[in-house]
Every structure is written in C-alpha cells, then in structure tokens.
Amino acid sequence: MTGPATLRPAAIEVADVVVRYGEVLALDGVSLSVEPGRVTGLIGMNGSGKSTLFKAIMGMLRPERGKVLIDGADPALARRRGVVGYVPQSEDVDWAFPVSVRDVVMMGRYGRQGPTRRARPADHAAVAEALDRVELTAYADRQIGQLSGGQRKRAFVARGIAQDAGVLLLDEPFAGVDKRSEATIVRLLKELAADGRTVLVSTHDLHALPQLADEAVLLLHRILFHGDVSEALRPENLARAFGLDVLDEGASA
Ligand SMILES: Nc1ncnc2c1ncn2[C@@H]1O[C@H](COP(=O)(O)OP(=O)(O)OP(=O)(O)O)[C@@H](O)[C@H]1O
C-alpha cells in the first residue's frame, strides 16, 4: 500500500538516554532504534518508564544524558513540524471538554494553519478522510466524551492521520477497550504501518501482542529485549520485564 504523498516516514533513534525525576531513575541508559513500516510493541510494568520514553521521543523532556533523533532531527523540532502524532492514555484527556470528534481531528491540522487556525478546504478534506479511515464519520459531530473507549482511541489516531504524522506513538491504546474495538485498532495500526509510518505502541495487553506487533521491546528502566514477539513472550523474558524474579526472591526469603 502506498501512503499519502505528504506522509513523512521517520525512524526513531534513542541513544543512551537517562531521565531522572529527583531520586527516581526512570530511564537508565536506554538505546533503541524503531524503524518505519512496522508496528513495535513497547512492553513494561507500571512505572517501568514507558510514558517517560514517549515524552523523551516527543521532545517534551530533556534527558540528563543521551540523545533522541527523529529522522535525524531534534525531537521537539520534529514535533513542531507535525512528524510525531501521539495517542495519549485515557487518564490524560479531559473528556468533558466541549469539543467534537471533528474538532479533535482538526487539531492535527493546526501546525499548518498558522496562528489564525483558519481551516482551508484541504484541512477539511484531510479531516474527513481521516475520520473515514478510522470509521468515525457518523460520529464526527459528537462531543468527544460521548464515545466508547475504542472510538475515543480511534479519534486520536485520526488526529495523527490528519496531521500526516510519520511517527505514531500510542500509550496503552487497549486500556478500557472491548475485544471488537481492539481488533479494529490492531487492523488500523497495521495498515498505518504498511503505509510507511513508524508505529510504537505501549501496552500491558500481552495477548494482543502477537496479532499487533511485528517486533517487541521489553522495558524496565532499560531495554531488556528487542526483537521477535514470540521470543519477547518467553516466560524468562516476561519474568525479567515484570519483576517476577524480584517477587520470587521475596517469596523465598
Ligand atoms: N513527573 C514525575 N515526577 C516524579 N516521578 C515521576 C514522574 N513521572 C514519572 N515518574 C516516575 O518515573 C517512573 C517511570 O514512570 P512512567 O510514567 O514513565 O512509567 P510507565 O511505564 O509509563 O508506567 P504506567 O504503565 O503506570 O503508565 C515511575 O517510578 C514514576 O513514578
């Protein structure tokens, strides 16, 4: 499948990144390359540093050490250029905010509209196409909070599509989503990767991983594993990523 002409595929390069919040060492020398054209699953327990890694990739925090490059460019610059699209965790969104689904998707066009934010015909066309792609055309005028969990995620994916983002970061897209919506989102993400996008998805949902991801990254403040999904899911790898060895030690003490 060929992508839209304006799509800017971009690889993510993370080199030896250290991020600390006061005493908490959230990322401890993380190095990772994420390639376009694939869905990469980012797996780690609560507090393992997944959201912090996303923030570093978006240039929203400056690492104490190391570097992030998006297609060779500074991540904050890449974000301002609209190269990086982000689907946030549900808790990070104010669902009561009085905006329609269409408004949310139009936000993906703001970077092109300048300070006046006046939508041109091309912006409306891109929003309509993105809504169609995620199958939310019929819901375009609904307030964003009046959608199901899966539809809410798809609205934010549509924002990234309208933005022509070459990199899509999704933070826990399956949390609070039923199986049918999960299957729809998985299919959509695979299509978006096939267009040439770089798709990085954090998830706790290990069952969805084989269908979803072409490769997997296990994170526990540092990269424990990066490679085949089936290998990532081996019990010894999951035990390391989810700290079960720590629990075992505690149990035997
Ligand atoms: N703003 C902050 N101030 C202090 N500590 C923080 C802050 N943000 C994150 N942390 C800590 O940094 C570590 C990594 O947090 P992060 O949110 O990146 O993990 P996560 O893998 O995304 O977790 P979850 O799966 O629960 O969303 C945790 O120990 C967390 O408590």
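This is a short talk on the overall fold, helix H1 and the ligand shell of one chain.

The model is a predicted one. I'll take the whole chain before the details. It has eleven helices and nine strands. The radius of gyration is 18 Å, close to the 18 Å that the globule rule gives for 253 residues, so the chain is as compact as a globular protein of that length. Along the principal axes, the C-alpha atoms fill a box of roughly 65 × 40 × 35 Å. Of the 253 residues, 39% are buried. If you take the contacts with a separation of 6 or more, 71% of them are between residues 24 or more positions apart.

Next, the ligand. Which residues are around it? Tyr21, Val24 and Ala26 are there, along with Gly44, and then Asn46, Gly47, Ser48, Gly49, Lys50, Ser51 and Thr52. By class, that shell has seven polar residues, three nonpolar and one charged. Strand S2, residues 24-34, and helix H1 each supply at least two residues of the shell. H1 gives the most, with three residues.

That brings me to H1 itself. Why call this helix largely enclosed by the rest of the structure? H1 covers residues 50-57, and seven of its eight residues are buried, so the surrounding structure largely encloses it. The buried ones are Lys50, Thr52, Leu53, Phe54, Lys55, Ala56 and Ile57. Lys50 and Thr52 are thus on two lists: they are buried residues of H1, and they are also around the ligand. Just after the helix, Gly59 takes a positive phi of about 70°.

That's all I have on this one.

Key: Residues numbered from 1 in each chain as written. Predicted model: local features only at pLDDT ≥ 70, side-chain atom pairs only at ≥ 80, totals over all residues. Buried ≥ 20, exposed ≤ 12 C-beta atoms within 10 Å, placed from the backbone. Helix = DSSP H or I, 4+ residues; strand = E, 2+ residues; numbered from the N terminus. Rg over C-alpha atoms; globule rule 2.2 N^0.38 Å. Contact = placed C-beta atoms within 7 Å. Near = placed C-beta within 6 Å. Nonpolar A, V, L, I, M, F, W, Y, C, P; charged D, E, K, R; others polar.
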